Amino acid sequence: MTNRKIGDRIFDVAVVGGGASGAAAAYHLSSEGRTVALLERHDMNTEASGRNAGSLHGQIQHEPFLEEGDEWARAWLPALRFLADSLDIWDGLSEELGADLQVGKKGGLLIADDESQLPAIERKVAFENSVGIQSRMLSAAELKQLAPWITDDVVGGELCPIEGKANPLLVAPAFARRAAAQGAVLMPRTPVEGFREEDGVHILRTPRGEVHARQVVLAGGDGMRDLGRHFGLELPISSAAVQVSVTERIDPMVSHLVYYAGGKLTFKQAQSGTLLIGGGWPARRNAAGEWVVNPESLRANLAMATRIAPSIADVALLRTWVGIGNGTPDHSPIIGAVPGHPGVWLGFYPYMGFTASPLMGRVLNDLVQGRDPGRDLLPFAPDRF
Ligand SMILES: Cc1cc2nc3c(=O)[nH]c(=O)nc-3n(C[C@H](O)[C@H](O)[C@H](O)COP(=O)(O)OP(=O)(O)OC[C@H]3O[C@@H](n4cnc5c(N)ncnc54)[C@H](O)[C@@H]3O)c2cc1C
């Protein structure tokens, strides 16, 4: 172990976490001339931000809505508005970052195949409309017209026009590349193992040496619980290993992000032509305790996909992988100052943090710069639990 300082400088900001949130924060901070160190314990973009399904979400997720109910949905609306505002940023993000992020925003379809599913969707749409999201109910005929491949069993559903997809393998690296071009120092394989403060400077301990910075942004995803504990903060962040599958390339077929009202399913067609099939199905641990693909989950996930899109039954599956998804008890993000530690900021969006990451980067930048981020962060306060 060494307490050697890496370089002889004090960075303006040390960002911990090389996923989409941290890389976006590093990009915005460095674009305003801040000196930034971006520290990542593995290689950049190797946890949730690089393993997710690439859905850009802008509706209340049907499953928690059914489980948690209307009161929860009402309280969750600020988090939904956060996603919607982030979705606006996605429109121009490829151009801004100078990289084709394979963003497509043709909207999301929530498909019902049982009349009993429709009343809940109608209530959900009303909540979404209340924060300015123009989602609406569709008849079976309208759905068939938009997506002719949908099962003949469809009885209706929802269109959420702001939703879409992007390629998760490209997004955090694009933010990080631009941050580096603006002078940020990228530090992969640099786990932060401790923090202390001396004369108003935060000192981050890593196996490579110490990083000194005037402010700290914590964007550690699944590592956030441990990071919070360094500052006496017990963050109730849950972890669940879930799996996503990809098929061979097929001709253009699915232009929307697709959900099913009867169970866990999302799927979309990537720009390359592959279908990405997920929805939060659990992985399993092998005898060595490692997370591996759960064949039962896979079977159930694929059965659901072929139920909604019968014509994909013959499409070959190429690969299924596992990633650790993270949640909070109220499904809302955790964003703001770490109490009692001036200059330490925290940014975490549960379940749908890929969608949220472009706005998360901006908000974290505003907080560090001492600016009003232009939205009420009280519902997201780190000490609300
Ligand atoms: C299988 C799966 C599918 C998903 N699908 C979607 C989807 O379709 N759409 C969507 O919007 N969201 C989806 N999500 C959620 C989304 O991927 C995450 O919410 C989002 O990527 C979080 O981004 P982040 O940058 O905050 O965290 P992460 O991507 O987890 O990045 C945090 C980084 O911090 C690093 N780190 C942690 N602790 C330390 C430390 N002490 N020192 C240094 N580095 C540290 C980690 O190694 C990690 O790389 C999915 C998640 C999973 C797992």
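**Notebook: a tail residue, some loops and the ligand shell**

I began at the C-terminal end, where Leu378 sits in the segment after H9. The model is a predicted one. I looked up the cover of Leu378 and got 66% relative accessibility; that is over 50%, so I logged Leu378 as exposed. I then took a C-alpha to C-alpha distance from Leu378 to Ile335 and noted 8.8 Å, for a pair 43 residues apart in sequence.

**Two lysines**

I went next to Lys264, in the loop between strand S13 (257-260) and strand S14 (266-269). Its relative accessible area came out at 25%, so I put Lys264 down as partly exposed. Trp281 is 17 residues from Lys264 along the chain, and I recorded 7.0 Å between the two C-alpha atoms.

Lys268 I found in strand S14. Is Lys268 buried or exposed? I read a relative accessible area of 1% for Lys268, which puts this lysine among the buried residues because the limit is 20%. I also checked Lys268 against His256: the C-alpha atoms are 6.3 Å apart in space, and the residues are twelve apart in sequence.

**Positive phi outside glycine**

I looked up two backbone angles. Gln102 has phi near 55°, which is positive although the residue is not glycine. I placed Gln102 in the loop between helix H3 (62-97) and strand S4 (108-112). With a relative accessible area of 21%, Gln102 goes down as partly exposed.

His331 also has a positive phi without being glycine, here near 65°. I located His331 in the loop between S18 and strand S19 (334-337). For His331 I noted 14% relative accessibility; this is under 20%, so His331 counts as buried.

**The ligand**

I counted the residues around the ligand and got 38. Which of them are closest? I listed Glu40, Ser49, Ser55, Gly353 and Thr355.

I then went through some polar distances. From a side-chain N or O atom of Ser49 to an oxygen atom of the ligand I read 2.5 Å. For Thr355 the entry is 2.7 Å, again from a side-chain N or O atom to a ligand oxygen. At Ala53 the protein partner is a backbone N or O atom, and I noted 3.2 Å to a nitrogen atom of the ligand.

How much of the ligand does the protein bury? I have 1000 Å² exposed for the ligand taken alone, and 94% of that buried by the protein.

I next asked which elements give two or more residues to the shell around the ligand. On the helix side I wrote down H1 (20-31), H2 (48-51) and H9 (353-368). The strands are S12 (238-249) and S18 (317-327).

By residue class, I divided the shell into 16 nonpolar, 18 polar and four charged residues. By domain, I found at least three shell residues from domain 1 (5-51 + 169-236 + 330-380) and at least three from domain 2 (104-162 + 238-327).

**The record**

Last, I looked up the annotation. The unreviewed UniProt entry gives "domain: FAD dependent oxidoreductase" for residues 12-367. Over residues 12-367 I computed 34% helix and 29% strand. I noted 13 Å between the C-alpha atoms at the two ends of this range.

Technical notes: Residues numbered from 1 in each chain as written. Predicted model: local features only at pLDDT ≥ 70, side-chain atom pairs only at ≥ 80, totals over all residues. Heavy atoms only, no water. Near = heavy atom within 4 Å. Polar contact = N/O pair within 3.5 Å; in protein donor to acceptor, adjacent residues only side chain to side chain. Areas by Shrake-Rupley, 256 points an atom, 1.4 Å probe, with all protein chains shown as cover. Helix = DSSP H or I, 4+ residues; strand = E, 2+ residues; numbered from the N terminus. Nonpolar A, V, L, I, M, F, W, Y, C, P; charged D, E, K, R; others polar. Domains from an automatic or database assignment. Buried < 20%, exposed > 50% of the residue type's maximum accessible area, 1.4 Å probe, protein only. UniProt positions renumbered as here; feature names shortened; annotations may be inferred.
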